[in-house]
Amino acid sequence: MKKQFGHNQHGEPATLYLLENDRFRIAVTDYGATLVSFIDKNRDLELVAGFDDVEHYVQHTAHFGSTIGRVANRIKDAKFDLNGKTYHVCANKGNNSLHGGVVGFDKRMFQGRVEDNRIVLTATSPDGEEGYPGNLQVQVTYRLDERGIHIECEGVSDQTTLFGTTNHSYFNLNGNGSIAGHRVQLFADAYAPNDETGTATGDLVLCENTPFDFRNEKEIGADFDSDDEQIRMTRGYDHHYSIQGSGLRTMAVCRANGLRLETRSNLPGIHFYTGNFLDGSYVGHRGVAYGYHERVCFEPEYYPNAINYETHEKPVLKAGEHAVQIIEYWLDDDKEEESSTF
């Protein structure tokens, strides 16, 4: 059920928690509430990038499998206004704050336990940490069932604050190699262009007649060689998509190797990232080096920098309120049915 997983940068022991059913085996560590492993037992296939001890997570900066918070993605110029006050948070990506700052959820220790088919991890982010207001109580629950993984990230704060999390797992349905041939459908008709710092501009652009159109299933790499400025700037896809509707719903479907991965969430949108900056220097499970365009991320989230835009739902958690942000990664054998037209 659990085993030692090494020591973090402060010498604290980390633990690896294990769950298994007839189809899947997962491993989660209390360092960063991180999904370390997701194995399809039918094929002995490792579906996510990860490492065999916590020291490698400490050394690397790509947020492999981690819970991201207090706020996923970027906050422009590392500042925001809330309730008439300006807050300055830690800048860790140029002048911007990225994925919670210098010490986000991905770099903190959680308290873990196993309950039946669930791994429950809790932590407190104290008032002022990374510049955010409020003592924030966080609980991350990984539940394993016959469909795959259900993740709930819950938050309660004693002051109004920001809370907009995601999971940053890197998938490859072949286990290794290029993801260019993976077929993806995104249930979105608009995407967010990025500025020169990689921050979404606040706009939404229709996907139709652009390389960003995944309303109908297509191979991820079909437009990698496009001369589109946004594709060239990020060396692939590293963009937010606005998902219509509300509540828990399907956001993305990915097919390869006879498998079908479905990403579902109750968050407003999803970030689609194609491993554009992996360079082979990270060597993880089974000695696999994670290279350029060899992993794909499906990260449900709020619109990046939404707190500084009037036109997008903001990740504001009011004092005393209870937020539950859900992400599901469902895996099944691909029945080769035609994808629905969005």
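On a 1 Å grid over the protein atoms alone, a pocket is an open set of points where a 1.4 Å probe fits, with protein on both sides within 12 Å along at least five of seven lines, and its lining residues have an atom within 4 Å of a point. A volume is the space filled by probe spheres set on the points, which are joined across faces, edges and corners.

The model on screen is predicted, so local features need pLDDT of at least 70 and side-chain atom pairs count only at pLDDT 80 or more, while totals for chains, interfaces and linings use all residues. Residues are numbered from 1 along each chain as its sequence is written, and side-chain values use heavy atoms, without hydrogens or water.

Select first His63, Arg74, Lys93, Leu98 and Phe277, which are the closest to the centre of the largest pocket among its 28 lining residues; the volume there is about 710 Å³. Then add helix 2 (229-234) and strand 24 (269-273), the elements that give two or more residues to this lining; helices (H or I, at least four residues) and strands (E, at least two) are DSSP runs numbered from the N terminus.

Next, move to the second largest pocket, of about 360 Å³, by selecting Asn266, Leu267, Pro268, Tyr302 and Glu313, which lie nearest its centre among 25 lining residues. Colour strand 29 (322-333) as well, since strand 29 gives the most to this lining, with 3 residues.

Finally, show the open antiparallel sheet, whose 5 strands follow the order 1-2-3-4-5; two strands pair if DSSP finds at least two bridges between them. Strand 1 (2-7) and strand 5 (45-46) stand at the edges with a single partner strand each, so one side of each has no neighbour in the sheet.
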